[in-house]
Amino acid sequence: MNQYADGNRASVIRDVNGELKPFGVRIDDLIDDTDLSANVLMMPGDILIIPDAYF
C-alpha cells in the first residue's frame, strides 16, 4: 500500500455459482489498526481491486 491507494475502499471479486460478486475489504484497517474483523479469506480465482485515493 502506498499514499495513492485507498485500502479501505478495496474489494474482492469472487465467482459465486457462475456469477461475479463484489465483497468490500478494509485493508487499511487491517494493516494500520490490526483490526482482524477486516480480514478476508482469499480463494483461488479471487481478484483484488484497490482503487486510487482521492486527494
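These are my notebook entries on charged pairs and a nonpolar patch in a predicted model.

**Salt bridges.** I searched the whole structure and found five salt bridges. I wrote down three of them, with the exposure of each partner.

- Arg 9 and Asp 6 pair through their side chains at 2.8 Å, N to O. I then looked up how covered each one is: Asp 6 is buried at 18% relative accessible area, and Arg 9 is partly exposed at 38%.
- Glu 19 and Lys 21 form a salt bridge at 3.8 Å, N to O. Both ends came out partly exposed, Glu 19 at 46% and Lys 21 at 33%.
- Arg 26 meets Asp 35 at 2.7 Å, N to O. Here I noted 34% for Arg 26, partly exposed, and 23% for Asp 35, also partly exposed. Shared salt-bridge partners link Arg 26, Asp 29 and Asp 35 into one network.

**Asp 29.** That network sent me to Asp 29, which sits in helix α1. Which side chain makes a polar contact with the side chain of Asp 29? I found Asn 8, at 3.1 Å. Leaving out residues up to four places away in sequence, I listed Asn 8, Thr 34, Asp 35 and Ala 38 as the residues Asp 29 touches.

**Nonpolar patch.** Next I turned to the surface. Met 1, Ile 31, Met 42, Leu 48 and Ile 50 make a nonpolar patch of about 470 Å². I picked Met 42 for a closer look and placed it in the loop between α1 (27-32) and β3 (47-49). Met 42 is partly exposed because its relative accessible area is 42%, between the 20% and 50% limits.

Terms used: Residues numbered from 1 in each chain as written. Predicted model: local features only at pLDDT ≥ 70, side-chain atom pairs only at ≥ 80, totals over all residues. Heavy atoms only, no water. Patch = residues over 30% accessible without salt bridge, like charges linked within 9 Å, V, L, I, M, F, W, Y side chains within 5 Å. Areas by Shrake-Rupley, 256 points an atom, 1.4 Å probe, with all protein chains shown as cover. Salt bridge = Lys/Arg side-chain N within 4 Å of Asp/Glu carboxyl O. Helix = DSSP H or I, 4+ residues; strand = E, 2+ residues; numbered from the N terminus. Buried < 20%, exposed > 50% of the residue type's maximum accessible area, 1.4 Å probe, protein only. Polar contact = N/O pair within 3.5 Å; in protein donor to acceptor, adjacent residues only side chain to side chain. Contact = heavy atoms within 4.5 Å.
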